[in-house]
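Let's take a walk through this structure together, moving from single residues out to the chain as a whole. Keep the model open beside the text and turn it as you read.

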Amino acid sequence: MSNLVLSAPMKGWLAALDETPDAVFAERMLGDGLAIDPLDSTLHAPCDAVVTTVHRARHAVTLRAANGVEILMHVGLETVALNGEGFSVFVKEGQSVKAGDKLLGFDLDLLAQRARSLITPVVITNLDAFEIVRRDQDRAISVGDFLMELSPVGGAVAASQVAAGEVAREVVVPLMHGIHARPAARIAETARKFVAEVALVAVNRRASAKSPVGVMSLAVRHGDTIQVVAAGMDAEAAIEAIAELIEGGMGEGAPVVAKSAAPAVVTPEPTGPAELPRDGVLKGVLAAPGLAIGKAVRLASSDIVVREAGEGVAHEEAALAAALDKVRARIEANAAKGDKARKAILGAHLAFLEDPELSAGARRLIGEGKSAGFAWRKAVGGYVEALRGLGDRRLAERVDDLVDLERQVLKALAGEEDDTTVLPPGSILLADELLPSQLMGVDPAAVAGFATARGGPTSHVAILAAAMGIPALVALGGALLGVKDGAALILDADSGSLRVAPDAPALEAAQTALAQRQERRAAAKAAAHDPCVTKDGVRIEVFANTGSVNDALAAVANGAEGSGLLRTEFLFLDRETPPDEDEQARQYQAIASALDGKPLIIRTLDVGGDKAAPYLPIPAEENPALGLRGVRVSLWRPHLLKTQLRAILRVKPLGQCKIMVPMIGSLDELRAVRAVLDEAKREMGVVERIELGVMIETPAAAVTADLIAAEADFLSIGTNDLTQYVLAMDRGNPELAARIDAMHPAVLRMIDQTCKGAAKHHRWVGVCGGLASDVAATAILLGLGVTELSTTASIAPEVKAKVRALSLDACRDLATQALNQTSPEAVRALVKSFGA
């Protein structure tokens, strides 16, 4: 492999990387290279290459040359905080470029005023495979001038090579979201079972497979080809185990081919408090729903000072080991008494805590005379900065977990107790970022809500907030840091707003809304078991969605009249083999018994897309939302479908259960499922009629509802998927979250068409998606012809109360008007004026 010469990508003054006023670059955490102080406003390609990454904030780009060299060019320092302002991008990810082609443009004057520094590092990120054999510095350069020369490292592991004595296997990664925290932890757990040294190699970057943080830092995405390499007496067995684990998908197969990272909803790091808007309303991203009124309580993590010099290697190693043991025991104890969400988060923390690369990095520094605290902070900090620099939303949100662990271990080293904060009732917590351990350390009864300047809607602290029932907003920006302690606040998570120091009318309106909401809930709860009939005597069924026996018990307790959707995936996911007929029959019977004879609609297995099972090797798809999903998977593997149908038919009393098929797109699919059902009935001697219905989740199903209803026993609308398909918006994309609204007139027209099609054949129509739980939508749904609503258990009493307050004629008038609105906002305003 010949040497590669890089030319200068911009005009400016060439300097050593050591002169970069940022430890991440100066200490070569991301690689080695040079720095340029720019005198022009365009970044050019330094060689022929392919663009692998354009950072979401437009300030950095990574290229990959034909020989595998990876070149990161980062315009200015802390320019990520500009969130793209002042930058223009001339290329896109995956594009081939020639030396000298324009990559980025930037406003030099703007950067000079607002960036920490204009200096632009040019870094080779895979120096395990290439070395810089010649470079220039300390002189003025122009675009195209010589910059540096790179040579392949002898014996390095390249994309098609392995080092002497190593064995390797190539793997194409099928995981939907690439190798993020959970898969990285599972890979490390598997690798540690072997004596062999095992590593993953991704485009000449290498990381120990026993290090979840190291594996994460490779930023492996779906569709990437990587190598699993190993050396040692059980190397081949180790490679086989890890390759099979990755290729099996780890429950995250059938992935989206996402060569570019999903844009992160992680607010740039605030450089300080910004001014509040004139109206005192800050806008953020929904992390957990709800409305709260309270007083601001600023949570600022106190800086933990660590001394650099150690007191001897043996002393510091013992101190670090004791601190790690203390934190490990605390995490394990908290996980044992927590709910599912808490256990999953703490499990990730344990995986990081046991990361051999982190502890090895800390011990290496201790061996150089550093203190345990300094060594641990440095080891964790290197990975934190590396992960933040990758521009990947999922990996960026896992940084919080590492920062949290760093803090917990440093506190243990200092002899401090776990984070516990005593708060006054009605506290609304404000912070730059909130760590999971901080939220776990507060009394939920005292917390009315929280808001953070940074953070993302899928971060672990957001997941915790939802599980704890705490309204929360994230990504409000630097202005949040200017809110004073004790300031009155109205946090309306559902509308994404935080009102600071509200005036008397606003406060009174919020208090009224909150009181009315609480009164409505109390009254609805008291009448939860009363019949659900409109004012003009029309019977409407209100069911609940379930996924376990506990869900079924909660449904009954909240007055639900049955379950309109049993999600059976709980039986099929997070396991290596599918459940057999006996196991399924036991689970379905237990849920049916918990419903005390009330109707139970069981949805057949709905995997694919964002839900996959390791034992279903679904081929990689460019867009799994449009690929093997729902019924398509069942018909692809009919033996699984038949086993499930047989298990449902065993539930007693026969007829309590109805069967519902997901993601139906055509009548042929329904006929194919009915054929399998009829075969199972014949084999079991079942002669009774078993209702078989379909979920309407695609525009195709909605517009052909009249055809499907001719043979389906009922139709149930899954508004979550229907909305994303009608609006062509990925409901998993946080950038689009605020725009995805099932009250969009286009979605309502699909529901209207479904109800009209079903009415031709006298079939009933239900709604089991999120819109059924939106009380504001109840009147419109009834007006369109829906006669069954399957909600979350907790909201069922309120939906029943709403139905009792409505007359069907008025609902029909409202629905007619709603269909003619031009936006979901207009529909909601119409509902508000209607008083529905």
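Leaving out residues up to four places away in sequence, L103 touches L43, H44, A45, V61, L63, M73, S88, V89, F90, V91 and V97. This is a predicted model, so please read every contact and angle here in that light. L103 belongs to strand 10, which covers residues 102–106. Is L103 buried or exposed? With a relative accessible area of 0%, it is buried. You can also look across from L103 to K92: the two are 11 residues apart along the chain, and their C-alpha atoms are separated by 8.8 Å.

Now for two loops with a backbone feature worth a glance. E78 sits in the loop that links strand 7 (70–74) with strand 8 (87–89). Its phi is near 60°, a positive value in a residue other than glycine. E78 counts as partly exposed because its relative accessibility is 41%, and the limits for that class are 20% and 50%. D138 is found in the loop between strand 12 (130–135) and strand 13 (139–141). The phi of D138 is positive too, near 55°, and D138 is likewise a residue other than glycine. At 42% relative accessible area, D138 is partly exposed.

Further along the chain, find S427 in strand 22, residues 427–431. S427 has a relative accessible area of 1%, so it is buried. Which residues is S427 in contact with, once neighbours within four places in sequence are left aside? They are K295, V297, A446, V447, A448 and G449.

Let's turn to the nonpolar interior. The largest nonpolar core has 84 residues, and those touching the most other members are Y588, L715, I751 and I780. A second, separate core contains 80 residues, M216, I366, M440 and V447 among them. V447 is also one of the contacts of S427, which makes a handy link back to strand 22. For Y588, setting aside neighbours within four places in sequence, the contacts are L566, T568, L571, F572, L600, I602, Q644, A647, I648 and V651.

Two of those contacts, I648 and V651, lead to a small search for empty space. Rolling a probe the size of a water molecule over the atoms shows where such space is left. How many cavities of 30 Å³ or more does a search of the whole structure find? It finds two. The largest cavity has a volume of about 40 Å³, and its lining is made by I648, L649, V651, L654, G655, C657 and I690. While you are in this stretch of the chain, look at the peptide bond between K652 and P653: it is cis, with omega about 0°. P653 lies in the loop connecting helix 18 and strand 30.

After strand 30 comes helix 19, a good one to check with a ruler. It runs over residues 667–684, and at 1.5 Å a residue its 18 residues should span 26 Å; the end C-alpha atoms are 26 Å apart, so the two values agree. The buried residues of helix 19 are L667, E669, L670, V673, V676, L677, A680 and K681. An α-helix has 3.6 residues a turn, so residues three or four places apart point the same way. The buried residues of helix 19 pack against helix 17 (631–636), helix 18 (638–649), strand 30 (657–661), strand 31 (692–696) and helix 21 (705–709). Just after the helix comes G685, with a positive phi near 70°.

Helix 25, residues 796–804, is mostly covered, with seven of its nine residues buried. These are A796, P797, E798, V799, K800, K802 and V803. They pack against helix 13 (504–526), strand 27 (541–546), helix 24 (778–784) and strand 34 (788–791).

Finally, step back to the whole chain. It holds 27 helices and 34 strands, and 56% of its 836 residues count as buried. Among contacts with a separation of 6 or more, 72% come from residues 24 or more positions apart. The chain exposes about 33,300 Å², and carbon and sulfur atoms supply 51% of that area.

Technical notes: Residues numbered from 1 in each chain as written. Predicted model: local features only at pLDDT ≥ 70, side-chain atom pairs only at ≥ 80, totals over all residues. Heavy atoms only, no water. Helix = DSSP H or I, 4+ residues; strand = E, 2+ residues; numbered from the N terminus. Expected span 1.5 Å × (residues − 1). Buried < 20%, exposed > 50% of the residue type's maximum accessible area, 1.4 Å probe, protein only. Contact = heavy atoms within 4.5 Å. Core = buried A, V, L, I, M, F, W, Y, C linked by side-chain atoms within 4.5 Å. Areas by Shrake-Rupley, 256 points an atom, 1.4 Å probe, with all protein chains shown as cover. 1 Å grid on protein atoms, 1.4 Å probe; cavity = no way out; pocket = protein on both sides within 12 Å on 5 of 7 lines; lining within 4 Å. Points joined across faces, edges and corners; volume = space filled by probe spheres on them.
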